[in-house]
Amino acid sequence: MANSNLPRRIIKETQRLLSEPAPGISASPSEENMRYFNVMVLGPSQSPYEGGVFKLELFLPEEYPMAPPKLGRICLDILKDKWSPALQIRTVLLSIQALLSAPNPDDPLSENVAKHWKSNEVEAVETAKEWTRLYATGA
Amino acid sequence: MTIGSAGSSVVVPRNFRLLEELERGEKGIGDGSVSYGMDDSDDIYMRSWTGTIIGPHNSVHEGRIYQLKLFCDKDYPEKPPTVRFHTRVNMTCVNPESGMVEPKKFGMLVNWQREYTMEDILTQLRKEMAAPHNRKLVQPPEGTYF
């Protein structure tokens with residue numbers, strides 16, 4: 001039922017994500033719900049998140065591609081007002097990977113983390129490295 | 001607005017459904033007679049919620065404010081949340097010892113459907129307070145808790 005009438009656009013995007021995955025990114029749809037993806041993004045090298053594997057959930061709402069994919073609570077302009085149906089799942093995931101290389105403390109989800117980042121970037125980067133080691137290495 | 005997209009083949013997975021409910025709760029619902037929010041913003045599973053019901057007019061509950069705890073386990077919204085009154089109340093569907101809303105006595109929980117939301121539960125409980133079998137029941141003193 002959940003997979004009936006899946007739009008061609010979603011099928012195409014999914015096939016391409018599986019056959020030509022972007023470097024450091026994997027996205028695979030759930031069997032019961034082809035609009036629901038398990039995503040893994042590798043922390044970019046030279047970033048505090050290097051060595052980490054970040055798991056995300058992505059969901060394509062009924063209005064997709066007129067509305068953006070949903071990805072939990074991430075502050076990213078293309079997931080809000082800058083969305084365009086010309087963008088794709090792949091573009092969104094690449095943007096998230098880029099966000100890990102260049103965090104944007106001017107548009108934060110967590111005010112506290114942003115404050116820390118602005119007042120003492122060296123220390124904030126250390127915290128990011130430690131949390132990556134503790135929570136994102138699957139050790 | 002219907003959160004569960006009834007009648008469509010699109011199934012919103014648990015965490016996205018709870019995020020929708022969270023956003024809706026943060027914006028504020030209707031006239032404010034029911035409201036809810038998440039207890040712990042660090043819980044990535046978004047399990048524990050607090051709801052509030054303002055007692056309906058023309059009942060013994062008028063002017064009272066009731067606090068409830070809703071717990072959405074990992075099988076929500078396939079399964080209903082557990083719902084427990086924190087503020088003491090005397091209602092036919094509420095266990096007088098624990099404050100638990102008893103699914104067998106509250107149709108919405110026993111005949112649960114995936115489209116139902118926490119808002120629907122709170123709204124339905126408020127209606128239940130004003131129902132003939134509840135609206136005149138003697139109530140515990142205000143400001144007492146289970």
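**Two UBC core chains and their interface**

In chain B, residues 13–146 carry the UniProt annotation "domain: UBC core", taken from an unreviewed entry. The model examined here is predicted. Over residues 13–146 of chain B, helix accounts for 23% and strand for 17%. The end C-alpha atoms of that span are 33 Å apart. For chain A, UniProt places the feature "domain: UBC core" at residues 5–137, again from an unreviewed entry. This span of chain A is 37% helix and 14% strand. Its end C-alpha atoms lie 38 Å apart.

The interface between the two chains was examined next. Chain A and chain B bury about 1100 Å² between them. Carbon and sulfur atoms make up 65% of that area. On the side of chain A, Phe59(A), Glu62(A) and Arg73(A) supply 42% of the area buried against chain B. No other three residues of chain A supply as much. Strand β3(A) gives the largest share of the side of chain A that touches chain B, with 3 residues. In total, the contact draws 14 residues from chain A and 14 residues from chain B. Between chain A and chain B, 0 salt bridges are counted. Polar contacts across the interface number 2 residue pairs, both at pLDDT 80 or more.

Helix α1 of chain B comprises residues 14–27. Its 14 residues should span 20 Å at 1.5 Å a residue, and the end C-alpha atoms are 20 Å apart, so the expected and modelled lengths agree. The helix is mostly covered, with 10 of its 14 residues buried. The buried set runs through Arg14(B), Asn15(B), Phe16(B), Arg17(B), Leu18(B), Leu19(B), Glu20(B), Glu21(B) and Leu22(B), and includes Gly25(B). Both chains contribute to this cover. From chain A, the covering elements include β2 (36–42) and β3 (53–59). From chain B, they include β1 (34–38), β2 (48–54) and α3 (118–130). Just after α1(B), Gly28(B) adopts a positive phi of about 95°.

Three loop residues were then considered individually. In chain A, Ser30(A) sits in the loop between β1 (25–29) and β2. Ser30(A) has a relative accessibility of 11% and therefore counts as buried, the cut-off for burial being under 20%. Its side chain reaches the backbone nitrogen of Glu32(A) at 3.4 Å.

In chain B, Glu102(B) occupies the loop between β4 (82–85) and α2 (107–110). Its relative accessibility is 23%, so Glu102(B) counts as partly exposed. Apart from neighbours within four places in sequence, Glu102(B) is in contact with Cys93(B) and Asn95(B). Thr92(B) is 10 residues from Glu102(B) in sequence. The C-alpha atoms of Thr92(B) and Glu102(B) are 9.1 Å apart.

Glu78(B) also belongs to a loop of chain B, between β3 (65–71) and β4. Neighbours within four places in sequence aside, Glu78(B) is in contact with Trp112(B) and Arg114(B). With Arg114(B), the side chain of Glu78(B) makes a side-chain polar contact at 2.7 Å. Leu19(B), one of the buried residues of α1(B), is 59 residues from Glu78(B) along the chain. The C-alpha atoms of Leu19(B) and Glu78(B) are separated by 16 Å.

Notes: Residues are numbered from 1 along each chain as its sequence is written. Chains are lettered from A and ligands numbered from 1 in the order in which they are written. This is a predicted model: local features need pLDDT of at least 70, side-chain atom pairs count only at pLDDT 80 or more; totals for chains, interfaces and linings use all residues. Side-chain values use heavy atoms; hydrogens and water are left out. Helices (H or I, at least four residues) and strands (E, at least two) are DSSP runs, numbered from the N terminus. The expected span of a helix is 1.5 Å times one less than its number of residues. Buried means under 20% relative accessible area, exposed over 50%, partly exposed in between (1.4 Å probe, protein chains only). Contact means heavy atoms within 4.5 Å. UniProt positions are given in the numbering used here, feature names are shortened, and annotations may be inferred rather than shown by experiment. Buried area is the accessible area (1.4 Å probe) that two parts lose on being put together, summed over both. A salt bridge is a side-chain nitrogen of Lys or Arg within 4 Å of a carboxyl oxygen of Asp or Glu. A polar contact is a pair of N or O atoms within 3.5 Å; within protein, one must be able to donate a hydrogen and the other to accept it, and residues adjacent in sequence count only if both atoms are side-chain atoms.
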